Amino acid sequence: MLLRYSFMGACALLFTSAAHAQGDTLATHYAKGITEKELRTHLEVLASDAYMGRDTGKEGQKLAAAYLKKHFASMGIPPVPALYAENIVDGYFQPYGLIEERTGGLTLQHNGQSLGLLKGLLYFNEVLKEDRAVKELTYLGDGSKLPDALDLTDKAVLIDASGMGTGEAMFRLLRTRLEPVRKGGAAVILVSMPQFGGLVDMVHADGSRLKLAYETKKDGVGQAGQLVLLEDTTTKEILGASVFKKLRRRKPGQNVSVDFVLKTTNMEALITAENVLAYIEGTDKKDEVVILTAHYDHIGVEKGVVYNGADDDGSGTVALMEIAQAFAQAKAEGHGPRRSVLVMPVSGEEKGLLGSRYYSDHPIFPIANTVADLNIDMIGRVDSAHVTSAPYVYVIGSDRLSTGLHAANEEANKQVGLMLDYTFNAESDPNRFYYRSDHYNFARKGIPSIFYFSGVHEDYHQPGDDVEKIRFDLLRTRALLVFHTAWLLANGEERIVVDKPMK
């Protein structure tokens, strides 16, 4: 796709020319505008209780988006040009629709009783699209030995989990046994167990799930069986005590008569979230774009407690604000980037990388013209592996698609001096961090991408992720690396190329 330049030629032009030496001087000059004081000032606003944890699509996220826009405009960064602004609102926002699915819309009506989530029933997803009257269950034993040629298409089935252990270990085994049942086309899957136990902790009864509205339209109805867990006492009421006792002596595949209704209530609402765009137009290579991302959302308020997300990802968001300011100042003084730079705080990351996915599927600037994505997600703390180490940052993905991107980041670090830790860049990384932040939605489109990260700590997704625990000296130094890398990518004579296969 972008293989017309050789890597050696690109590197030679990028890193050894006199222009590059001048660029180093300019980059160092404008990097001075990235300060600990300003990083702290912005973070004390965004990660304050007043922003209510910046939950996607909610008031706190809207306040944060407005704050970002105000900052970008104050730096002299104009609205996105009209040529690209078809899907831009107010010059700085790319809105996208989300379907919010609240839990608790499924109930079981039996003998005048209504059982609901954590009130006799346990379930994790609501798949059923319409009410279903169930008159017959196909008994499958413990699900380990399904009869040959058993047709489960659109049937309601019952699995006995009494011998599978307890807690999460039981649930892992159950997931394995559910696979052939789902593939067989079962529409309703009841699982009976002695007690729910620790499984209750896996359910957020007052929670919600977000899906991109444009992807929801592609969903099939009844694409997977509706799974409902019951405690044995409830199953006994539905079947009758004598039938329940005899059932466990029957062979899998036999049917039993029942009479209940699974009722579903629409718990969906359409909401809107926004990506924020600060576009610094380039000069002679302005049609090519370097993108910088960080998610400015967090997980909101839970049980009255605000989760401020100072590190996750307030740290990356304020770094972007300072980097945008540095590029804007350079442009105002006649030293703007050759390629355009799009600084884009995205939302929806905490709900499944939704904002970056929306942008990558609905790009404002052509994917073919997008040089790279530099993504920042948590760069304000120190993890347990580096308590006594030199200043560091984890670098993930830099060499997955482009050796040129990796070389550019290494070269930029000569101006900064961080220890670059590639531990989580390994393809065998059990944490799979490469797939867990917004850069991945660009990488999946073939765009070379880097994920900058300082590691998980004890306050990850906890109320204690507050401003006073941020190391602003390290936050600034890591932001400088991103800025210098972006400067090289935006000003090199040749763009970096994709020279490695996607995996």
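In this predicted model, H439 is buried, at 0% relative accessibility. The residue belongs to helix α12, which spans residues 439-443. Its side chain comes to 2.7 Å from the backbone oxygen of Y434. Beyond the neighbours within four places in sequence, the surroundings of H439 are made up of D373, N375, F433, Y434, S449, I450 and F451, each in contact with it. Y434 thus appears twice in this description, as the residue whose backbone oxygen is reached by the H439 side chain and as a member of the contact list.

A second buried side chain worth a look is that of Q325, in helix α9 (residues 310-332). The relative accessible area of Q325 is 14%, and with the limit for burial set at under 20%, Q325 is therefore counted as buried. A polar contact of 3.1 Å links the side chain of Q325 to the side chain of E38. When neighbours within four places in sequence are set aside, Q325 touches G33, E38, H71 and M75. One of these, H71, leads directly to helix α4, where H71 is among the buried residues.

Helix α4 covers residues 59-74. For its 16 residues, a rise of 1.5 Å a residue predicts a span of 22 Å, and the end C-alpha atoms lie 23 Å apart, so the two values agree. The buried residues of α4 are G60, Q61, A64, A65, Y67, L68, H71 and F72. These residues occupy an arc of only 160° around the axis, and they therefore sit on the same side of α4. The general geometry is helpful here: an α-helix has 3.6 residues a turn, so residues three or four places apart point the same way. E59, K70 and S74 are exposed on the other side of α4. The cover over the buried residues of α4 includes α3 (36-46), β1, β11, β12 (278-280), α9 and β16 (339-346). Helix α9, the home of Q325, is thus one of the elements covering α4. Just after α4, G76 adopts a positive phi of about 85°.

Two of the strands that cover α4, β1 and β11, belong to an open sheet of 3 strands, arranged in the order β8-β1-β11 with antiparallel pairing. The edges of this sheet are formed by β8 (208-212) and β11 (268-276); each has a single partner strand, so one side of each lacks a neighbour in the sheet. From one strand to the next, the twist averages 35°. Strand β1 (residues 93-102) is joined to β11 by 9 bridges in the antiparallel sense, and E101 faces E268 of β11 across this pairing. Helix α4 lies across β1 and β11, and its direction is at about 20° to that of β11. Helix α10 (residues 354-361) also packs on the sheet, where it touches β1, β8 and β11 and makes an angle of about 125° with the direction of β1.

Further antiparallel pairing is found around strand β2 (residues 106-110). The covered face of β2 carries L106, L108 and H110, while T107 and Q109 are on the uncovered face. This follows a familiar pattern: in a regular strand the side chains alternate between the two faces of the sheet. Strand β2 is joined to β3 (residues 113-117) by 3 antiparallel bridges, and L108 stands opposite L115 of β3. The two strands make a hairpin with 2 residues between them, and in the turn N111 has a positive phi of about 55°.

Strand β2 also runs antiparallel to β10 (residues 255-264), to which 4 bridges join it. Within β10, K263 is the bridge partner of T107, and V261 is that of Q109. Strand β10 pairs as well with β5 (residues 132-139), in the antiparallel sense and over 6 bridges. Here V261 of β10 appears again, this time opposite A133.

Finally, G198 offers a contrast to the buried residues described above. The loop between β7 (188-193) and β8 holds G198, which is partly exposed at 40% relative accessibility. G198 and M378 are 180 residues apart along the chain, and their C-alpha atoms are separated by 31 Å.

Terms used: Residues are numbered from 1 along each chain as its sequence is written. This is a predicted model: local features need pLDDT of at least 70, side-chain atom pairs count only at pLDDT 80 or more; totals for chains, interfaces and linings use all residues. Side-chain values use heavy atoms; hydrogens and water are left out. Two strands pair if DSSP finds at least two bridges between them. Axes are lines fitted to C-alpha atoms, for helices over the stretch in contact, and angles run from 0 to 180 degrees between N-to-C directions. Contact means heavy atoms within 4.5 Å. Buried means under 20% relative accessible area, exposed over 50%, partly exposed in between (1.4 Å probe, protein chains only). A polar contact is a pair of N or O atoms within 3.5 Å; within protein, one must be able to donate a hydrogen and the other to accept it, and residues adjacent in sequence count only if both atoms are side-chain atoms. The expected span of a helix is 1.5 Å times one less than its number of residues. The arc is that of the directions from the helix axis to the C-beta atoms.
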